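Q: Hey, I'm new to this one. Can you walk me through it?
A: Sure, let's have a look together.

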Amino acid sequence: MNKLAIIMTALVSVSAAGLLPMAAPASGPAEGAHPASSACSAVPVSAPRGAHVESVTAQAYPAGTVTFPEATPPLQTPAPIPDVPARCEITVTLTHGRAGDHETVKVALPQDRAAWSGRFQATGGSAYLAGDLGATLVAAVKNGYAAAATDAGIGQSPADVSGWALTPDGRVNEPLLENFASRSVHDLAVVGKSVTKEFYGRKATYSYWNGCSTGGRQGYVAAQEYPTDFQGILAGAPAVSWDRFAVATLWPQVVFNEEDVAPAPCVLEAFNTAAVEACDTADGVRDGVIDDPRGCRWDPRELVGTRVDCDGATHTITPQLADAVRKIWQGPVSSSGRPLWYGPNKGAAFSWLANPGQPFVVADQWVRYFVAKDPGLDTTHLTYGQFDRLFATSQRDFHSVIGSDDPDLSAFARSGGKLLSWHGQADQLVPTQGTVDYREHVNRAMGGNARVDSFYRLFLPPGVEHCGIGTDPLGSLVEWVEQGHAPATLPAVVTDGDGNTVTREVCRYPQVTRRVGTDVRCVSGSASTR
């Protein structure tokens, strides 16, 4: 799968069948579908405070298989979704005073009341996409939800901010950044629930957030800033502490530049292979997966002098390369050696964050457009000193805007809300330890792990890549919210070293899984934060 397509899988499917990629809005009815109901029409909409409704339109679609327009490469066209009930899609356009923006919120609703579960679901985005207005909504409708998404007024490009990040005079477009960072999350909740109530004549019984990556960060924003908007929040691989994460993930490029190394991807993966071999059996089973990467103490300098045959050539591991890998896994540090943020876990593929000459698109766009305000900046040739200054600037100028890591969740807890979060230990885009860092700050701010577990649970599935849990955690969240059954474990699909997939139960943080035969035991783990 190409890189941009992997970003798109961060748009979480609400079906147990797996992740659905991002798509353009759905096409019309499939051949042979039944006629749509005429009841689909524009409804009155309550605007969020500070916003004004510009327009409301409605479009009815009949029951049947929903197909999607062919995506522009490198995006992947979503597969058709069969057995979708007749639905009404209501599109609301908002603006925010002098911001001059035009934010689109789309709400998709099962047309037949009998097909509606009484639940509302707001869906999140990925990278620089605030929300998917196509396949994600259709999948939610199929599962009985009234569902909504927003474009935050910044369009539908996940990897290009050039059209909205800067004003014509070269300043950061603060209203649109605020939309992306937080404001559109609340807009989505208010508008989506308002449309749902007007359409069905009663409000939704339960309201949920569902997102991964940027969508996970948006879910944390909802819990922190809008604690009564949702009764349940599902937040996978959350890109919290954005002001740090979005600079820190350029660190491998800085290391390659300063250490003057440019390893082939297959050579880099030799380090992961060796790390897995050294740390695989800590959980009691040899399966080609590091269950607890932070407990893996293997040193990449042990490979110095080793020959690696790959891509038709023989490569010898040098001390410089081994030390570069050590620095990448360690994570970025300041010029004085102070730790700044986290690196990827041992076992997570290098291809995204550590591909010489190809910076991670989210970090590259963030630094060039927002931090440096210089679209022409070459982020592959930064020095350690330049990186240090960019990191400090990002924290100073943007933490209050998009940090998304306020540990005070007391209002959310008082409201009765439940936050179910997970982050794969093999995430190759968003370093897993950043989420652990946030959870530990919440523990310290709110009375310890046991108290926090009553409303916020975190799971770290081993071997799972970015937004790739492969199961339906939303069902576990619904059971927690509606029946009071808090999940002690969470199922995840894990791919072992032989390429076989198996569903495993993952223990909640800070416990770790130990397996003896077919028995799964949850034992105490240790936190590792900065």
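**A first tour**

Q: Where does Asn-443 sit?
A: Asn-443 is in helix α12, which covers residues 432–445. Keep in mind that this is a predicted model.

Q: Buried or exposed, that Asn-443?
A: Asn-443 counts as buried, because its relative accessible area is 8% and the cut-off for buried is under 20%.

Q: What is Asn-443 in contact with, leaving aside its neighbours within four places in sequence?
A: With those set aside, Asn-443 has contacts to Gly-448, Asn-449 and Val-452.

Q: Let's zoom out. How many helices and strands does the protein chain have?
A: The protein chain has 14 helices and 17 strands.

Q: What about the radius of gyration?
A: The protein chain has 23 Å, and a compact globule with 530 residues would have a value near 24 Å, so the two agree. As for the box filled by the C-alpha atoms, that is roughly 70 × 60 × 50 Å along the principal axes.

Q: And how many of the residues count as buried?
A: That's 56% of the 530 residues. The accessible surface comes to about 20,100 Å², and carbon and sulfur atoms hold 48% of it.

Q: Now the inside. Which residues touch the most other members in the largest nonpolar core?
A: Those are Tyr-128, Trp-242, Phe-245, Phe-271, Trp-298, Trp-366 and Phe-370, out of 71 residues in that core. Elements giving two or more residues to this core include α3, α5, α6, β10 and α10. The largest share, nine residues, comes from α7.

Q: Pick Phe-271: what is it in contact with, leaving aside neighbours within four places in sequence?
A: Its contacts include Trp-298, Pro-300, Leu-303, Ile-317, Leu-321 and Phe-350.

Q: What other core lies apart from the largest one?
A: There's another core of 44 residues, with Val-43, Leu-109, Val-191 and Val-240 among them.

Q: Back to α6. Which of its residues are buried?
A: Trp-251, Pro-252, Gln-253, Val-254, Val-255 and Phe-256 are the buried residues of α6.

Q: And what do the buried residues of α6 pack against?
A: They pack against α5, α7, α8 and α10. Just after α6 comes Asp-260, with a positive phi of about 55°.

Q: Last topic, charges. How far apart are the mean positions of the positive and negative ones?
A: They are 7 Å apart, taken over 41 positive and 54 negative charges of the protein chain.

Note on methods
Residues are numbered from 1 along each chain as its sequence is written. This is a predicted model: local features need pLDDT of at least 70, side-chain atom pairs count only at pLDDT 80 or more; totals for chains, interfaces and linings use all residues. Side-chain values use heavy atoms; hydrogens and water are left out. Helices (H or I, at least four residues) and strands (E, at least two) are DSSP runs, numbered from the N terminus. The radius of gyration is taken over C-alpha atoms; the globule rule is 2.2 Å times the number of residues to the power 0.38. Buried means under 20% relative accessible area, exposed over 50%, partly exposed in between (1.4 Å probe, protein chains only). Accessible areas come from the Shrake-Rupley method with a 1.4 Å probe; for residues, only the protein chains shown count as cover. Lys and Arg count as positive and Asp and Glu as negative; His and the chain ends are not counted. The place of a charge is taken as NZ of Lys, CZ of Arg, CG of Asp or CD of Glu. A nonpolar core is a set of buried Ala, Val, Leu, Ile, Met, Phe, Trp, Tyr and Cys residues joined through side-chain atoms within 4.5 Å. Contact means heavy atoms within 4.5 Å.
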